[in-house]
Amino acid sequence: MSKKIYVLILMGIVLGLSACNGNKEDIDPTLPAPVVNFPMERLSIDLNKVDNLPVVAIIKSEAGLKKVVMRIETEKAMLDYKTVTDFFNPMSYSLSEKLEYDVSYRAFIIEATDRLGNIVTGMLPFDVTDVVERPVVVFDPEEIVYDEMDENPMIPRTAFKITSEAGLKRVEMFLVSSNGQEPKGSVELNGEKEFLFDEMIDYKEGDRGFKIKAEDTYGYVTISTLPVTYRTIPGPELILLENVIFAETTSPKAVPMQIKSLRGLHEIIIYRIEEGVEVEAFRVLKNGETILDYAPEIEFTEVTSRLKVVVTDGRPGKEAVGYIKAYVDMEVAIVTIGSQPIASTPHEKYLDTYGMFSLNDMKTYSVDYAIASEENGKNIDFKFYCFGGSAIPRLYSMDNTEKDKEFSGSTGKLSSIKVKNATRFAVLSTFDFEEATVSSISKILSSNISSSRLTPFETGDIIAFRTGKTSAAGEGRIGVMKVVGMTAPKELLPGNPTVRVLTVEIKIPKRK
């Protein structure tokens, strides 16, 4: 019987009896005993639900009620529940009791006593459904382990059984990996007590488990996960013994490396990076070596800026990759240059940091050296100068003499230098210094490198230069330099704002 019909019956009984006169002063001793009416013959109670029906009853008495006693019958005892002696209408009493039901309850007992002393007992039997267990998931096997180190690894089938006292409503499956979880299907059920699953799941590296979410007809949910361990053989280990290779196009150069591979080495491939494109330069199949010291010889080109080394053990995605910077037919140096106040007397912490630079020797020289002879003059290509209190940095060609009197040595001033090389400069706005090659430098137009005084410049600038006709480094050579940094060390002539140390990285193709 539905709740709605149940309540309507109760209301009808109450309304039918509400007209009864409960104020009889004389009680007829022949009046019948009270009558206890339950709208339902039995009350079904499900402890898995929160909306069980209350106990409802109507007690009628023509003589008038004196007392109503309510009790609960359990498996082992009779429990007193409530006693009522005060009635609004003693001829009719209705009750609706919302009990805290228990699995041990068997019936609700009502004992009604009227004013004549007549006693009547009514009983409403209970049918109680106990709280059921949530769905139970059992995996077979209880764990899956796949180990690539085994000679014949095999992933067992994924099998599990779900049982439910209440009956199953839905089963959902998920593959759990290091990247999250992926749905692997769901099944809608119609209260079946059991669900079986037995399929081959192809687990892979990174998988962590197979998760089950089982929901029964009451909405109770069980979540259980089959642990999955996928042990992989690590890929090859590559150690490149050189970070930088200086090579020439006229002869191949060895690329030394050390390789370790638990699975065994399968292949080695070396690519030249040429203007951003990978060009295969070397490939060799190996015979499963686990440890290998190797130094294949590679031919380089004028457009080679790096090497990419790839070693594999034969499994996709298990490559080891390394890069080596390559300077082909190129002179490279990182140097520090001092501004004019320390052009001839560098600090002990900055030895060999003078104000004049030689592209022939890739080092700095003092004023005394520069003015000592004609040959020395030819060996000086530019100077570093800082202007004013703001120490605005400038690079000067040696034939630009406007600040030479501020460069002093112990034997004279720079203005007495015997050869004044005509080096020229230009700041480049779109040049890839890191990937610079002989080929990319050769594309810089000589006519665009025209300034004898570069001012100002700042850290990060890429500067092109061209040597003068009389330079010991060779006439008309074009190179590039990057301004790595400019510092004002406190220990160098405190109080002189023009003291700076300039750090540059220089790249210039070798003389042909």
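Tyrosine 218 is partly exposed in this predicted model, with a relative accessible area of 26%. Tyrosine 220 also counts as partly exposed, at 22% relative accessibility. This briefing covers contacts between aromatic rings, charges placed over rings, and salt bridges. The count comes to 17 aromatic pairs, and the structure holds 30 salt bridges.

**Aromatic pairs**

- A pair of aromatic rings is described by the distance of the centres and the angle of the planes.
- The count of aromatic pairs is 17.
- Among them, phenylalanine 160 and phenylalanine 197 have ring centres 4.8 Å apart and planes at 15 degrees, so this pair is stacked.
- Phenylalanine 160 belongs to strand β11 and phenylalanine 197 to strand β12 (residues 180–199), so the contact links distant parts of the chain, 37 residues apart.
- Both phenylalanine 160 and phenylalanine 197 are buried.
- The rings of tyrosine 218 and tyrosine 220 have their centres 6.1 Å apart, with planes at 40 degrees, so this pair is tilted.
- A cluster formed through ring pairs links Phe139, Phe160, Phe195, Phe197 and Phe210.

**Charges over rings**

- The ring of phenylalanine 174 has the charged end of lysine 211 sitting over it, 5.6 Å from the ring centre.
- Over the ring of phenylalanine 433 sits the charged end of lysine 507, 4.3 Å from the centre.

**Salt bridge between glutamate 148 and arginine 315**

- Side chains of opposite charge can pair when their charged atoms come close.
- Glutamate 148 forms a salt bridge with arginine 315, and the closest N and O atoms are 2.8 Å apart.
- Glutamate 148 is in the loop between β10 (144–147) and β11 (158–177), while arginine 315 is in the loop between β23 (304–312) and β24 (320–328), so the pair ties together parts 167 residues apart in sequence.
- Glutamate 148 counts as buried because its relative accessibility is 18%, with the cut-off for buried set at under 20%.
- Arginine 315 counts as buried too, at 10% relative accessibility.

**Salt bridges of strand β23**

- Lysine 308 forms a salt bridge with glutamate 278, with 2.9 Å between the closest N and O atoms.
- This pair links distant parts of the chain, since lysine 308 is in strand β23 and glutamate 278 is in strand β20 (residues 277–285), 30 residues apart.
- Lysine 308 is buried, with a relative accessible area of 15%.
- Glutamate 278 counts as partly exposed, at 40% relative accessibility.
- Arginine 306 forms a salt bridge with glutamate 435, the closest N and O atoms being 3.3 Å apart.
- Arginine 306 is in strand β23 and glutamate 435 is in the loop between β30 (424–428) and α4 (438–442), so this salt bridge ties together parts 129 residues apart in sequence.
- Arginine 306 counts as partly exposed, at 28% relative accessibility.
- Glutamate 435 is partly exposed as well, with a relative accessible area of 24%.

**Salt-bridge network**

- Arg71, Asp80 and Glu111 are joined into one network by salt bridges that share partners.

Note on methods
Residues numbered from 1 in each chain as written. Predicted model: local features only at pLDDT ≥ 70, side-chain atom pairs only at ≥ 80, totals over all residues. Heavy atoms only, no water. Salt bridge = Lys/Arg side-chain N within 4 Å of Asp/Glu carboxyl O. Helix = DSSP H or I, 4+ residues; strand = E, 2+ residues; numbered from the N terminus. Buried < 20%, exposed > 50% of the residue type's maximum accessible area, 1.4 Å probe, protein only. Phe/Tyr/Trp six-rings, centres within 6.5 Å; stacked < 30°, edge-to-face > 60°. Lys NZ or Arg CZ within 6 Å of the ring centre and 35° of its normal.
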